[in-house]
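Colleague: I'm new to this one, could you put it up and walk me through it?
Modeller: Gladly, here it is.
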Amino acid sequence: MTTDRADTGEERAMDTAPVEDERLRRWRLVLGADSAESTGRALTGRDEAMDGALTALYGGGAKPGGRGGDGRAAGLGASAPSVARWLGDIRTYFPASVVQVMQRDAIDRLGISGLLLEPEMLEAVEPDVHLVGTLLSLGKAMPETTRETARAVVRKVVEDLERRLAGRTRATLTGALDRSARSGRPRHRDIDWDRTIRANLKNHVPLPGQEGAGTVIPERLIGYGRTDRSVKKDVILCVDQSGSMAASVVHASVFGAVLASMRTLATRLVVFDTAVVDLTDQLDDPVDVLFGTQLGGGTDINRALAYCQSRITRPADTVVVLISDLHEGGIREEMLERAAAMKASGVQFVTLLALSDEGAPSYDREHAAALGALGSPAFACTPDLFPEVMAAAIEKRPLPTPDTGR
């Protein structure tokens with residue numbers, strides 16, 4: 001019996017040894033070289049290379065210019081060859097989602113965005129929305145030799161977003177447009193039976209001899225409007241292109257192109273900082289739209305809303321979507337008056353503090369509260385929720401804000 005217990009204990013220790021070793025390995029990679037002695041775990045081979053890539057970015061609190069805050073070497077510095085090698089290493093050792101985070105941190109922490117002006121460098125990066133925002137912010141500083149490579153990077157991200165978002169957006173909004181055009185005298189194939197039954201429940205008649213059974217006499221039919229190619233709704237996307245709104249600009253450009261492809265919507269895309277630019281004529285290609293923006297600068301929401309207001313011809317059939325962090329540099333009172341006037345005329349006015357997956361945005365809470373008091377709750381919206389928000393606006397029902405759910 002004693003021998004059996006001893007054997008069982010040894011087997012149990014052998015079973016847990018790989019788990020413990022893996023735990024120490026992960027802690028060693030997370031904590032860096034300074035933890036080697038405390039974890040008792042030395043790295044070799046692929047693990048050592050992964051540790052080197054992490055240390056180059058996070059190990060020394062690196063600053064632009066190549067020195068860490070504590071005097072240690074920064075690892076990447078401002079050397080294009082070393083950055084290019086590092087980009088290749090992280091794509092080898094980490095999944096794409098992690099690579100994108102590390103690239104973002106490298107741009108923010110090490111100040112290497114200027115190196116993205118080199119075509120060779122762009123070819124080494126993993127394209128994502130944040131990278132597109134960085135490229136757009138470089139704007140006119142980008143030389144012609146880099147511009148075509150940059151367009152290719154931007155196009156890849158845009159096409160990925162379109163594949164993910166376009167189908168669901170069209171399906172959701174087509175249904176909303178049909179429901180918003182309901183008819184009181186529908187053809188049989190256009191009857192909305194769910195709503196018709198609910199509207200006629202008072203006309204329930206019991207069937208004789210069949211306890212609990214009955215029928216509903218539909219005195220009033222409710223149907224979907226007949227599908228046609230006429231424009232049913234006007235949509236104006238009014239997008240803040242200040243530097244903090246980069247991801248929102250990318251997503252808004254993609255959604256603008258998708259909405260513009262629907263014949264029953266007349267879509268206008270307006271971007272603004274202290275000036276207002278109408279990019280509607282470029283909506284057939286969201287890449288052209290993005291390169292028509294210029295991220296950075298101030299913010300004049302009032303001027304942008306004034307322009308949008310001047311383009312409204314059918315208030316009751318118009319949806320205006322303001323995408324902005326609401327840090328207004330223009331005339332605050334006029335901005336709120338314009339929003340109120342549009343709502344009073346019948347416009348569905350939607351305020352999105354961000355259109356991205358990047359978490360809670362920074363925004364002007366006072367302006368958000370003022371718009372909410374006008375009946376236009378201001379909230380951040382993910383790309384996946386945007387079709388539902390637009391569908392609700394088209395049907396003139398409460399918006400599915402993050403607080404209320406879908």
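Colleague: What share of the residues in the chain is buried?
Modeller: Buried residues make up 44% of the 406 residues in the chain, where buried means under 20% relative accessible area, exposed means over 50%, and partly exposed lies in between, with a 1.4 Å probe and protein chains only. Please keep in mind that this is a predicted model, in which local features need pLDDT of at least 70 and side-chain atom pairs count only at pLDDT 80 or more, while totals for chains, interfaces and linings use all residues. Residues are numbered from 1 along each chain as its sequence is written, and side-chain values use heavy atoms, with hydrogens and water left out.

Colleague: OK, and how many helices and strands does the chain have?
Modeller: The secondary structure comes to 15 helices and eight strands; these are DSSP runs numbered from the N terminus, with helices (H or I) of at least four residues and strands (E) of at least two.

Colleague: Which elements make the right-handed β-α-β unit?
Modeller: That unit is made by strand S7, helix H14 and strand S8. Right-handed here means that, with the strands pointing away from the viewer, the path from the first strand over the helix to the second runs clockwise. S7 (residues 348-355) and S8 run parallel and are joined by four bridges, and two strands pair if DSSP finds at least two bridges between them. Within this pairing, Thr351 stands opposite Ala378 in S8.

Colleague: Which way do the side chains of S8 point?
Modeller: They alternate along residues 378-381: Phe379 and Cys381 point to one face and are buried, whereas Ala378 and Ala380 point to the other face and are not buried.

Colleague: And the helix between them, which residues of H14 are buried?
Modeller: In H14 the buried residues are His367, Ala368, Ala370 and Leu371. Seen down the axis of H14, they fall within an arc of 160°, so they line one face of the helix; the arc is that of the directions from the helix axis to the C-beta atoms. These buried residues pack against helix H13 (332-344), S7 and S8, a contact being heavy atoms within 4.5 Å. The face of H14 turned away from the buried side carries Arg365, Glu366 and Ala373, which are exposed.

Colleague: Switching topic, how many salt bridges are there?
Modeller: The count comes to 18 salt bridges, each being a side-chain nitrogen of Lys or Arg within 4 Å of a carboxyl oxygen of Asp or Glu. One of them joins Asp278 and Arg268, whose closest N and O atoms are 2.5 Å apart. This pair links distant parts of the chain, with Asp278 in strand S5 (residues 276-278) and Arg268 in strand S4 (residues 265-272), ten residues apart.

Colleague: Why does Arg268 count as partly exposed?
Modeller: Because its relative accessibility is 25%, and Asp278 is also partly exposed, with a relative accessible area of 23%.

Colleague: Which residues are linked in a network of salt bridges?
Modeller: Lys233, Asp234, Arg314 and Asp317 are linked in such a network. Within that group, the side chains of Asp317 and Arg314 meet at 3.9 Å, N to O.

Colleague: Last one, is Glu144 buried or exposed?
Modeller: Glu144 is exposed, with a relative accessible area of 63%, and its place is in helix H8 (residues 144-180). Glu144 and Leu117 are 27 residues apart in sequence and 9.6 Å apart in space, C-alpha to C-alpha.
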